[in-house]
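Trainee: Could we go through this model together? I should like to begin with the helices.

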Amino acid sequence: MADLRKDNNVKEVHYKLTLCDGPTCIHNQSKQLHQVLDAEIKNRGVQNVSIHLSGCLGMCKKGPILIVNPGYTMYGNVKAADIPEIVQSHLVEGKPVARLTIIEDHLYNRFFRIFGDVDFFGKQMRITLRNCGIIDPENIDDYLSVRGYEALAKVLTNMKPQDVIAEVKKSGLRGRGGAGFPTGLKWEFTAKAVNGDKYVICNADEGDPGAFMDRGTIEGDPHTVLEGMIIGGYAIGAKKGIVYIRAEYPLAIKRLEKAMDAARQCGFLGKNILGTDFSFDIEIRLGAGAFVCGEETALIHSIEGSRGMPRPRPPFPAVSGLFGKPTLINNVETWANIPVVILDGGDWFSSIGTETSKGTKVFALAGKVRNTGMVEVPMGTTLREIVYDIGGGIPNGKKLKAIQTGGPSGGCLPEQYLDTQIDYESLAKAGSIMGSGGMIVIDEDSCMVGLAKFFIEFTQDESCGKCTPCREGTKRMLEILTRITRGEGRPGDIEKLERLGGMIKKSSLCGLGQSAPNPVLSTIKNFRAEYEEHIHQKKCRAGQCAAMLSYTIGERCVGCGACKRVCPAGAIEGARKEKHVIDAAKCIRCGQCFDVCKFNAVSKA
Amino acid sequence: MVTPKDILRKKRAEAVNRIISKGYLSTKRVYVGMATCEIAAGSRDVMEVFRQAIANGLVDVYLSQKGCAGRCNLEPTVEVVEEGKIPVKYGRVTPERAREIVERHLKKGQVIAEWLI
């Protein structure tokens with residue numbers, strides 16, 4: 001380590017310190033530690049040191065935790081009195097303080113060694129994505145080197161199927177596909193069902209617009225998902241697994257196939273896994289991209305070769321699923337958590353998160369936020385932390401208007417819900433859902449009616465048509481919303497939408513219909529004034545509904561003629577070097593004059 | 001009796017040896033993001049630059065692809081990792097930038113600060 005001082009990259013070593021800022025560490029005085037550390041570094045005049053705060057590092061029993069890079073030296077149970085020694089010995093002399101270092105060989109947060117000093121990653125905790133962006137997904141050696149398939153070996157060596165289920169139950173893991181059903185219970189029900197063969201299914205039919213968590217997981221670490229499924233197969237007594245993945249994900253499919261071949265060659269998949277009498281194999285079924293096929297019963301129909309349509313439950317797939325046999329169906333993210341639950345233990349897993357929701361959740365952060373990307377945070381993280389600390393806030397000095405979670409089944413939460421903690425119950429209470437993990441940040445430039453219309457258009461298009469409320473109801477809702485955005489809204493439309501939405505929710509057969517009105521109902525609840533403006537004043541405050549806009553040319557016009565040339569309707573008149581005028585009757589509100597004007601002379605309202 | 005754990009231990013040791021024999025510990029490890037998102041942002045061309053450089057005699061580099069780390073708006077990303085040093089993370093790497101990284105960082109050891117994440 002002392003050689004690090006002679007690092008030839010830079011004259012001095014830049015130390016990057018990461019201090020755990022999780023709730024338990026804060027309770028253990030990590031804030032004071034931060035101050036002491038800061039003061040000590042300044043007092044001694046140590047240069048080239050930066051301190052970063054991280055979210056919970058999952059080592060609460062040994063907190064507060066301080067990590068020093070390069071070298072990834074981890075200090076545990078750090079007291080304020082230890083700080084001078086750490087600063088002097090490690091940061092000044094280059095000798096880590098052996099007495100305080102702890103060695104952790106957990107599976108999670110391995111990304112920290114590489115990415116720990118980047119603020120975007122600091123508040124994250126990676127369990128599902130633990131190997132994504134760290135290893136070569138197409139090389140099984142890489143996966144093996146990060147304790148890959150060790151959970152499987154552990155299960156096959158000294159755990160009975162019921163022990164595995166007990167561990168999963170203890171972990172408190174809940175389905176990450178959206179509904180949040182306790183995974184351990186699902187496993188137990190399927191294990192208890194007796195009816196010949198059993199099946200294990202991985203639901204990789206990721207359909208929410210803008211969501212790409214499952215694709216990212218499979219493309220970055222396909223073996224994790226396979227390992228989870230094999231363990232699931234062992235636990236419930238199945239011999240066959242199926243990954244149902246959409247054909248639009250060719251790279252993910254290729255990597256899965258490659259991973260399966262490699263796993264078979266190594267004896268992790270196929271007959272007599274790792275020399276035991278347990279045999280299990282996995283095949284891939286491609287979905288054609290229907291949103292409804294993410295619903296488990298529709299998915300099962302699709303695998304069976306029928307049209308992808310849901311059926312009433314019960315019976316649940318755990319009792320009667322694929323080909324009428326007991327079937328264990330979990331989402332990609334849920335499967336990816338299983339090896340961690342087995343190796344790091346259910347007790348540890350349940351120590352992360354909130355009272356009712358354990359572990360972490362992956363979100364696809366998109367929309368009007370500086371750092372878009374795939375983020376994984378412990379449950380209990382607030383929306384504010386995701387949008388501002390990880391996402392870096394809203395660009396271009398705009399104001400946050402809402403956060404949309406859960407995709408077409410979810411809702412829009414306005415600013416006052418920013419401090420909502422992320423867990424299944426809190427999000428539901430606030431009027432949205434966890435969903436599969438889409439998160440879209442909306443700024444003041446977006447029209448909430450238009451947004452609701454976008455989602456209803458999507459669900460209307462994707463409705464399978466089996467039950468009337470969903471098929472007809474979403475169509476009618478779309479008609480009303482289209483009318484409102486065209487400036488033809490009528491008094492009573494809002495009430496009609498509310499009534500219709502409530503009816504669809506109550507009477508639809510599957511989750512698609514039951515949740516389809518959510519984007520509309522939640523925007524009405526939180527942004528009713530915007531709907532009213534559209535209907536009564538024919539005004540769209542975000543300036544997005546073209547039909548309600550009027551373009552005018554102001555005093556700044558220098559008469560360059562750029563707008564006149566670009567106008568497709570010939571609606572702009574004016575002599576050269578004189579102020580131009582738009583003829584409102586001819587204007588088709590395409591906005592091209594607004595875009596082309598270099599003098600900000602065109603205004604829209 | 002040989003348990004599944006024993007079998008796995010052996011397999012892992014073999015895997016680790018294979019990785020190390022390719023220069024994992026002794027060289028600069030270059031990771032190029034190669035998930036769908038990264039490829040869409042142009043990472044295949046970036047990968048090709050590094051491949052070519054190695055084909056043309058660049059030594060002491062362990063080139064590997066990796067999945068998406070989640071840093072969408074800075075893709076394609078490339079990491080240069082060396083034992084005992086802070087991992088260097090480059091964002092928005094174009095083939096031109098990749099060539100610069102080869103020349104300046106991999107050959108001469110200069111970190112190009114302005115492209116860091």
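Mentor: We shall discuss two helices and then a chain contact. This is a predicted model, where local features need pLDDT of at least 70, side-chain atom pairs count only at pLDDT 80 or more, and totals for chains, interfaces and linings use all residues. Residues are numbered from 1 along each chain as its sequence is written, and chains are lettered from A and ligands numbered from 1 in the order in which they are written.

Trainee: How many residues of H13(A) are buried?

Mentor: Eight of the nine residues in helix H13 (residues 296-304) of chain A are buried. Helices (H or I, at least four residues) and strands (E, at least two) are DSSP runs, numbered from the N terminus. Buried means 20 or more other C-beta atoms within 10 Å of a residue's own, exposed means 12 or fewer, and partly exposed lies in between, with C-beta atoms placed from the backbone.

Trainee: Which strands do they pack against?

Mentor: The buried residues of H13(A) pack against strands E5, E6, E7 and E8 of chain A.

Trainee: And where does H19(A) carry exposed residues?

Mentor: Lys475(A) and Glu479(A) are exposed on the face of H19(A) turned away from its buried side. Among the buried residues of H19(A) are Cys470(A), Met477(A) and Leu481(A).

Trainee: What follows H19(A)?

Mentor: Just after H19(A), Gly487(A) takes a positive phi of about 85°.

Trainee: Now the chains: how many residues of chain A are in contact with chain B?

Mentor: In chain A, 48 residues are in contact with 35 residues of chain B; contact means that C-beta atoms, placed from the backbone, lie within 7 Å. H7(A) gives the most to that side of chain A, with five residues.

Definitions and conventions
Two residues are in contact if their C-beta atoms, placed from the backbone, lie within 7 Å.
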